[in-house]
Amino acid sequence: MSKRGGFSGMGGGFGGMNLNSLMKEAKKMQQDMEKSQEELAQKEFDATAGGGAVYAKVSGTKELKEITIKKEVVDPEDVEMLQDLILTCINEALRKVDSAQAASMGKYNIPGLM
């Protein structure tokens with residue numbers, strides 16, 4: 001070990017990176033991530049099922065904003081089909097949010113984050 005408290009041959013510790021520089025970079029990354037999350041929260045994602053018979057819109061925070069069901073698919077004798085269409089539609093909209101979130105946050109490449 002060197003007299004300065006670091007390890008010899010490492011250029012000042014952390015592979016030559018100054019601790020202050022590392023902290024500034026981490027803070028900037030945190031601010032960028034927060035901005036990305038805010039932008040995602042403002043977006044809306046939609047999906048349809050059954051050839052457009054069911055339509056759903058969700059926010060980037062996964063809040064259901066709108067659902068539209070065409071009258072012709074409302075059959076009291078086949079409620080299960082309508083339930084399946086609704087589930088399929090909402091889940092597809094939520095998958096779109098997940099995909100956008102993964103694309104947005106994936107650029108930060110922090111192990112264990114996602």
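## Salt bridges and a three-stranded sheet

A search of the whole structure finds six salt bridges. Please keep in mind that this is a predicted model. Alongside those charged pairs, there is an open sheet of three strands to get to know, with helix α2 lying across β1, β2 and β3. Here is a friendly tour, starting with the sheet and then moving to the surface and the charged pairs.

**How the sheet is put together**

- The three strands of the open sheet come in the order β1-β2-β3, and their pairing is antiparallel.
- β1 (44-49) and β3 (64-69) each have a single partner strand and stand at the edges, so one side of each is left without a neighbour in the sheet.
- From one strand to the next, the twist averages 10°.
- As general background, strands of a sheet pair through backbone hydrogen bonds, and they may do so in parallel or antiparallel fashion.

**Strand by strand**

- β1 and strand β2 (residues 54-59) run antiparallel and are joined by six bridges.
- If you would like a landmark for this pairing, look for Ala49, which stands opposite Val54 in β2.
- β2 and β3 also run antiparallel, with five bridges joining them.
- A landmark here is Lys57, which stands opposite Glu66 in β3.
- β2 and β3 form a hairpin with four residues between them.
- In the turn of that hairpin, Lys62 has a positive phi of about 65°.

**The helix across the sheet**

- Helix α2 covers residues 79-106 and lies across β1, β2 and β3.
- Relative to β1, helix α2 runs at about 145°.

**A nonpolar patch on the surface**

- Leu64, Ile67, Ile69 and Val74 make a nonpolar surface patch of about 310 Å².
- One of these residues, Ile69, has its place in strand β3.
- Ile69 has a relative accessible area of 33%, so it counts as partly exposed.

**A salt bridge within helix α1**

- Lys28 and Asp32 form a salt bridge, and their closest N and O atoms are 2.9 Å apart.
- Both residues lie in helix α1 (residues 19-42), where Lys28 and Asp32 are four residues apart, or about one turn of the helix.
- Lys28 is partly exposed, at 44% relative accessibility, and Asp32 is partly exposed too, at 28%.

**Salt bridges on the sheet strands**

- Lys57 and Glu44 meet through their side chains in a salt bridge, at 3.6 Å from N to O.
- This pair links distant parts of the chain, with Lys57 in strand β2 and Glu44 in strand β1, 13 residues apart.
- Glu44 is partly exposed, with 47% relative accessibility.
- Another salt bridge brings together the side chains of Glu63 and Lys65, at 3.9 Å from N to O.
- Both members of that pair are partly exposed: Glu63 has 43% relative accessibility, while Lys65 has a relative accessible area of 46%.
- Salt bridges that share partners join Glu44, Lys57 and Glu66 into one network.

**Putting Lys57 in the picture**

- Lys57 is a handy residue to click on when you explore the sheet: it lies in strand β2, stands opposite Glu66 in β3, and forms a salt bridge with Glu44.
- Glu44, the partner of Lys57 in that salt bridge, lies in strand β1, which stands at an edge of the sheet.

Definitions and conventions:
Residues numbered from 1 in each chain as written. Predicted model: local features only at pLDDT ≥ 70, side-chain atom pairs only at ≥ 80, totals over all residues. Heavy atoms only, no water. Pairing = 2+ DSSP bridges. Helix = DSSP H or I, 4+ residues; strand = E, 2+ residues; numbered from the N terminus. Axes fitted to C-alpha atoms, helices over the stretch in contact; angles between N-to-C directions. Contact = heavy atoms within 4.5 Å. Patch = residues over 30% accessible without salt bridge, like charges linked within 9 Å, V, L, I, M, F, W, Y side chains within 5 Å. Areas by Shrake-Rupley, 256 points an atom, 1.4 Å probe, with all protein chains shown as cover. Salt bridge = Lys/Arg side-chain N within 4 Å of Asp/Glu carboxyl O. Buried < 20%, exposed > 50% of the residue type's maximum accessible area, 1.4 Å probe, protein only.
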